[in-house]
Amino acid sequence: MRKSGVLLHISSLPSPYGIGTVGKEAYKFVDFLKNSGQSLWQILPICPTGYGDSPYQSFSSFAGNPYFIDLDMLVKEGLLQKDEIEAADLFDDATSVNYEKLYENRFPLLRKAYDRFAKKLTNTFMAFCREEAAWLDDYALFMALKNENGGKPFEKWDNGLKFRHKAAIERAERRLGREIGFYKFLQFKFTEQWEKLKAYANKNGVKIIGDLPIYVARDSADVWTNPKAFLLDKNLSPKLVAGCPPDAFSADGQLWGNPIYNWQYQKAHGYDFWCKRIARQMKFYDVLRIDHFRGFESFYAIPAKDDNARGGEWKKGPGMSLFNVVKKKLGELDIIAEDLGFITPEVAKLLKDSGYPGMKVLQFAFDSREESNYLPHTYKNRNSVVYVGTHDNDTAEGWMLTATKSDVAYAKRYLGLSKKEGYAWGFIRGAAASVSDIAIYTMQDLLSLGSEARMNTPSVAYGNWRWRMDKMPTKALEKKLYQLTADFFRLVK
């Protein structure tokens, strides 16, 4: 079935409180998607952001981001007062997230809400804590200990806590009981609000595509509680870290810094960690995009001591062994494989064997530095997802100003681009017209925005993930997108 959708992260929704939330603007966005004929809403990982404010460097791949808890909903519950929110000075820029201000001013508000909530803990909250205890207990303790240690990574904690000695953990649980309760409360409220939004989206014919990073952050509850699942030394520091080799885009390659999985251990334990990760994500989403899918065939591993990615080497991944276990334990799931990057015949075979749809990116089709088959006339497989660009790309309008003249000229000829209509909409039409079953457009391209609206520039540590939409899309845009969707038979009846 042909269908289409929009990529817009929760953080990018309009809000008077500094960052998008799962509140009323999220519901309005679902209405926009429905009215414009879209059946999919793709977002980025909704885990708590860590290093560099990146959703791909999270303190936990099981938890939800407390920043996305809607404050107005807490007011309706009597857990906050409107004047308390207004006095917190959360708003900075309607088109950008100020993460430092959020960290300093939003958490005190959430603590006030917890202080009121904690006076009479509900049965629903207690049931949530029991049901999610397998990950929630460790995550809440991890965050409480991070605060107690001034935000230091767990590798720098006292050995008793770092190595999770039983006596040290028990003392910490007694000492930090209220702080642990606070972090459990945040997850309870996030989950409660998220489930209501997802139900509303599904009721209106919109499915949510989530995003699961292949790797977890070095400083995370995931590594702290599962050290044997990763290639770590005796001090729990990574032996090898993840990244990408040098290419036409980066002479030094990309050094991501995430610890590498101990795939031998993972396989011997039935890929339990991965199955639990995916099962948790499928509670949040209808469809799951798995990031860096080629890393399951073979992955690029770099010595942890290196300061760039040039010294890395390719190592064999788990391949279908992992996904066969996932299918056996969890059943058939709607999964999208992010199969971008250096694609070998072996990676192509893994994608085919998995049965998951892969990705096509139109911007890469016209980039002379890329070796790709992303020109729409070359698509042989309808079981694919086509994008104008992803969160890692410049916007279409930005690309037209920064790409080489010959690449831009080819894109203009091939797609019939015109400045009058807006170059972005020529790209959008090209994606919609392709044979791919699914077409996804970024909200920035639908708004014809330039490079100022770029979400992420790979290999740049700071200043990413900040773009916000200052107001909801207009009715005119809604109507235009609906017509394009109808013209290319992507309306879902």
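Is aspartate 53 buried or exposed? At 18% relative accessibility, aspartate 53 counts as buried, because the cut-off for that label is under 20%. Before I go on, a reminder that what we have here is a predicted model.

Let me stay with aspartate 53 for a moment. This residue sits in the loop that runs between strand S2 (40–42) and helix H2 (71–76). Its phi is positive, about 60 degrees, although the residue is not a glycine. As background, most residues other than glycine have a negative phi. Aspartate 89 also has a positive phi, near 55 degrees, and again the residue is other than glycine. Look for aspartate 89 in the loop between helix H3 (82–87) and helix H4 (99–117). With a relative accessible area of 42%, aspartate 89 is partly exposed, whereas aspartate 53 is buried.

Next, another acidic residue in a loop. Glutamate 155 is found between helix H6 (133–148) and helix H7 (159–162). Its relative accessible area is 16%, so glutamate 155 is buried. What does the side chain of glutamate 155 make a polar contact with? The partner is the side chain of arginine 218, at 2.6 Å. Setting aside neighbours within four places in sequence, the residues in contact with glutamate 155 are Lys162, Arg218, Leu236, Ser237 and Pro238.

Now the strands. Strand S12 covers residues 438–442, and five of its five residues are buried, so the strand is largely enclosed by the rest of the structure. In a regular strand the side chains alternate between the two faces of the sheet. Here Ile438, Ile440 and Thr442 point one way from S12, while Ala439 and Tyr441 point the other way. Which strands pair with S12? Strand S1 (residues 3–7) pairs with S12 in the parallel sense, over five bridges. Within that pairing, glycine 5 has isoleucine 440 as its bridge partner in S12. Strand S11 (residues 384–387) also pairs with S12 in the parallel sense, over three bridges. There, valine 385 has isoleucine 438 as its bridge partner in S12.

Helix H18 is residues 423–433. Nine of its 11 residues are buried, so H18 too is largely enclosed by the rest of the structure. Among the buried ones are Tyr423, Trp425, Phe427 and Ile428. Two of these come up elsewhere. Lysine 480 lies over the face of tryptophan 425, at 4.1 Å from the ring centre. Phe427 is one of the residues that touch the most other members of the largest nonpolar core.

That core has 158 residues. Besides Phe427, the residues touching the most other members are Phe29, Trp41, Trp194, Trp274, Phe296 and Met443. Helix H9 (residues 177–203) supplies the largest share of the core, 10 residues. For phenylalanine 296, leaving out residues up to four places away in sequence, the residues touched include Ile214, Trp263, Trp274, Ile290, Leu322, Phe323 and Leu350. Asp291, Gly317, Pro318 and Gly319 are also touched by phenylalanine 296.

On to the aromatic residues. How many aromatic pairs does a search of the whole structure find? The search finds 52. I will show two. In one, the rings of phenylalanine 128 and phenylalanine 188 have centres 5.6 Å apart and planes at 55 degrees, so the pair is tilted. Phenylalanine 128 is in helix H5 (residues 123–131) and phenylalanine 188 in helix H9, so to speak of the pair is to speak of distant parts of the chain, 60 residues apart. Both rings belong to buried residues: phenylalanine 128 has a relative accessible area of 8%, and phenylalanine 188 is at 5%.

In the other, the rings of tryptophan 263 and tryptophan 274 have centres 6.4 Å apart and planes at 25 degrees, so the pair is stacked. Tryptophan 263 belongs to helix H11 (residues 263–268) and tryptophan 274 to helix H12 (residues 272–284), 11 residues apart. Tryptophan 263 is buried at 12% relative accessibility, and tryptophan 274 is buried at 1%. Both tryptophans are touched by phenylalanine 296, and Trp274 is one of the core residues named a minute ago.

One last item, again a charge and a ring. The charged end of arginine 164 sits over the ring of tryptophan 224, 4.4 Å from its centre.

Methods: Residues numbered from 1 in each chain as written. Predicted model: local features only at pLDDT ≥ 70, side-chain atom pairs only at ≥ 80, totals over all residues. Heavy atoms only, no water. Helix = DSSP H or I, 4+ residues; strand = E, 2+ residues; numbered from the N terminus. Buried < 20%, exposed > 50% of the residue type's maximum accessible area, 1.4 Å probe, protein only. Polar contact = N/O pair within 3.5 Å; in protein donor to acceptor, adjacent residues only side chain to side chain. Contact = heavy atoms within 4.5 Å. Core = buried A, V, L, I, M, F, W, Y, C linked by side-chain atoms within 4.5 Å. Phe/Tyr/Trp six-rings, centres within 6.5 Å; stacked < 30°, edge-to-face > 60°. Lys NZ or Arg CZ within 6 Å of the ring centre and 35° of its normal. Pairing = 2+ DSSP bridges.
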